[in-house]
Amino acid sequence: MNPVLVEIYSTVAPSMPFIIGAYVLMWVAILVYVLMIMLGYKKAERQMAVLEEAVAELNEKNAR
């Protein structure tokens, strides 16, 4: 094997668990963020539906 590659691998290999851990942590954080955004979006949709129903009821009462 190339001596330069041996030197590179000898410096990178001991820190490999930290590199893998950083990537796992990053992906978990992204997943949690996306799930929080999705839950917030669904909550906002439910609130908009309730608001639309209330506006429709008010419009019916005012039309009479």
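Proline 14 sits in the loop between α1, which covers residues 3–12, and α2. The model described here is a predicted one. With a relative accessible area of 56%, proline 14 is exposed, because exposed means over 50%. Alanine 13 is found in the loop between α1 and α2 as well. Its relative accessibility is 48%, so alanine 13 counts as partly exposed; that class lies between the 20% limit for buried and the 50% limit for exposed.

Two distances start from this loop. The C-alpha atoms of alanine 13 and tyrosine 23 are separated by 16 Å, and these residues are ten apart along the chain. From proline 14 to valine 50, a step of 36 residues along the chain, the C-alpha separation is 57 Å.

On the other side of the loop is helix α2, which takes in residues 16–63. Methionine 36 lies in this helix. Methionine 36 has a relative accessible area of 56% and is therefore exposed. Between the C-alpha atoms of methionine 36 and glutamine 47, eleven residues apart along the chain, there are 17 Å.

Glutamate 57 also has its place in helix α2. Its relative accessible area is 47%, so glutamate 57 is partly exposed. Glu57 belongs to a negative surface patch, which it forms with Glu52, Glu53 and Glu60. Residues can join such a patch at over 30% relative accessible area, provided they have no salt bridge.

Charge can also be counted over the whole chain. There are 5 positive and 6 negative side chains. The centres of these two sets lie 10 Å apart.

What secondary structure does the chain have? It has two helices and zero strands. The radius of gyration is 27 Å, well over the 11 Å that the globule rule gives for 64 residues, so the chain is more spread out than a compact globule. The box filled by the C-alpha atoms gives another view of the chain: along the principal axes, it is roughly 90 × 15 × 10 Å.

How much of the chain counts as buried? Of the 64 residues, 0% do. Buried here means under 20% relative accessible area, and the residues described above have values of 56% for proline 14, 48% for alanine 13, 56% for methionine 36 and 47% for glutamate 57. The accessible surface of the chain comes to about 6,100 Å². Carbon and sulfur atoms account for 72% of that surface.

Key: Residues numbered from 1 in each chain as written. Predicted model: local features only at pLDDT ≥ 70, side-chain atom pairs only at ≥ 80, totals over all residues. Heavy atoms only, no water. Patch = residues over 30% accessible without salt bridge, like charges linked within 9 Å, V, L, I, M, F, W, Y side chains within 5 Å. Areas by Shrake-Rupley, 256 points an atom, 1.4 Å probe, with all protein chains shown as cover. Salt bridge = Lys/Arg side-chain N within 4 Å of Asp/Glu carboxyl O. Lys, Arg positive; Asp, Glu negative; His and termini not counted. Charge placed at Lys NZ, Arg CZ, Asp CG, Glu CD. Helix = DSSP H or I, 4+ residues; strand = E, 2+ residues; numbered from the N terminus. Buried < 20%, exposed > 50% of the residue type's maximum accessible area, 1.4 Å probe, protein only. Rg over C-alpha atoms; globule rule 2.2 N^0.38 Å.
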